[in-house]
Amino acid sequence: MDLRKLRYFLTVVEAGGFRRAAEVLNIAQPALTRQIQALEAEFGAALLVRGQAGVLLTSQGTAIIDEVREILSRVDALPDLIVSQSDPLAGEIRLGLPSALADVLFGVLIERVRAKYPGIHIICQEGATSLIENVENGTLDLAVVSVASRRTKYRCQIEYLVKEQDYLIGAGENCPRVDAISIADVLIQPLVLTPLPNARRQNLERLARQQGIKLMVVAEAATMSAQLNFVLRGLGVAVLPQSVARLMQREDRVHIVPVAGLQSWRALMVGRQCASPVATNAVAAELRSVFHAYDVQGETGTANQSI
């Protein structure tokens, strides 16, 4: 497979047409068209179709576009992985973490990075909102986020770390004493949720629309401590992943119930235009290692964290 043809294909998709893509690639439009046709011949299927609004992906093109983007992203990052031993890693890395995850793992990450790469300085942004957007627009170099689907498109490199069960968290009579609760029953509860944009919140909003109802959001907060405070005051119930639910359960007045069929992915997002890509990759590797080696409940195991 010719990587150049894949790059041409991706450029046409992102530019929205052959003319603009040809300008970006600095090649003649007829030559670009021939390259795309050759790529389609290799796949044995049409990947693009011209429409009134520009070039659109066919179903076959849609099936491969995320993989093409990922392949080219990894190829582009290869030179940054090779660093001279006499050229130490250094730079300022902007990291986004949900608050619960930052509370548990950030100190461990700093200790490991400082021991291996004293020239790297990490600045942490805590919170559960806008992390994905900030990685995509370059405000953050990398982040650990929660996403509801593996098929969503992102303008950054994404690595899915672990799938995690979501729980309903409540206090007193607000939380039913059952082995599990249905999604339908969750959607009609008075809810304490993370503000938009947030993948778990967006997924709940989508599920509510499918059932023709509107969520009853009584309070919004981006941190675990704030949501816990609202829950303890009896304002409503929260919907959070297992790791955060277990942390909240340490408060004796909190009860947690798994939501049947509701899960989310913990994912590592890495920006494509980092100021210090080598240092960013080094921090990502350490974060990945810490994430899989440290249990948020205080025991060795797999970490499944965050709001």
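Here is a walk through this structure, from the first helix to the sheet.

What you're looking at is a predicted model, where local features need pLDDT of at least 70, side-chain atom pairs count only at pLDDT 80 or more, and totals for chains, interfaces and linings use all residues. Residues are numbered from 1 along each chain as its sequence is written, and side-chain values use heavy atoms, with hydrogens and water left out.

Let's begin with helix α1, residues 3-15. Helices (H or I, at least four residues) and strands (E, at least two) are DSSP runs, numbered from the N terminus. How far apart should the ends of α1 be? The expected span of a helix is 1.5 Å times one less than its number of residues. The 13 residues of α1 should therefore span 18 Å, and the end C-alpha atoms are indeed 18 Å apart. At the start of α1, a side-chain oxygen of Asp-2 comes to within 2.8 Å of the backbone nitrogen of Arg-4. Just after α1 comes Gly-16, with a positive phi near 85°.

Now, which residues of α1 are buried? Buried means under 20% relative accessible area, exposed over 50%, and partly exposed in between (1.4 Å probe, protein chains only). In α1 the buried ones are Lys-5, Leu-6, Tyr-8, Phe-9, Leu-10, Thr-11, Val-12 and Ala-15. Their cover includes the helices α2 (18-25), α3 (29-43) and α4 (59-77), plus the strands β1 (48-51) and β2 (54-57). It helps to know that an α-helix has 3.6 residues a turn, so residues three or four places apart point the same way.

Move on to the loop between α2 and α3, and you'll find Asn-26. Asn-26 has a phi near 60°, which is positive even though the residue isn't glycine. Is Asn-26 buried or exposed? Its relative accessible area is 69%, so Asn-26 is exposed.

In helix α3 itself sits Thr-33. Thr-33 counts as buried because its relative accessibility is 18%. Setting aside neighbours within four places in sequence, Thr-33 is in contact (heavy atoms within 4.5 Å) with Phe-18 and Arg-50. Thr-33 and Phe-9 are 24 residues apart along the chain, and their C-alpha atoms are separated by 9.6 Å.

Skip ahead to helix α6, residues 131-136, and look for Asn-134. With a relative accessible area of 13%, Asn-134 is buried. Beyond its neighbours within four places in sequence, Asn-134 touches Gln-125, Thr-139 and Leu-140.

Finally, the sheet. Two strands pair if DSSP finds at least two bridges between them. Here 8 strands form an open sheet, in the order β4-β3-β5-β10-β6-β9-β7-β8, with mixed pairing. At the edges are β4 (119-126) and β8, each pairing on one side only.

Zoom in on β7, residues 190-193, which runs parallel to β8, residues 216-220, and is joined to it by 4 bridges. Pro-190 stands opposite Met-216 in β8, and Val-192 stands opposite Ala-219 in β8. β7 also pairs in the parallel sense with β9 (residues 237-241), over 2 bridges. In β9, Ala-238 is the bridge partner of Val-192. And how does the chain get from β7 to β8? β7, helix α8 (residues 199-210) and β8 make a right-handed β-α-β unit. A crossover is right-handed if, with the strands pointing away from the viewer, the path from the first strand over the helix to the second runs clockwise.

Definitions and conventions
A polar contact is a pair of N or O atoms within 3.5 Å; within protein, one must be able to donate a hydrogen and the other to accept it, and residues adjacent in sequence count only if both atoms are side-chain atoms.
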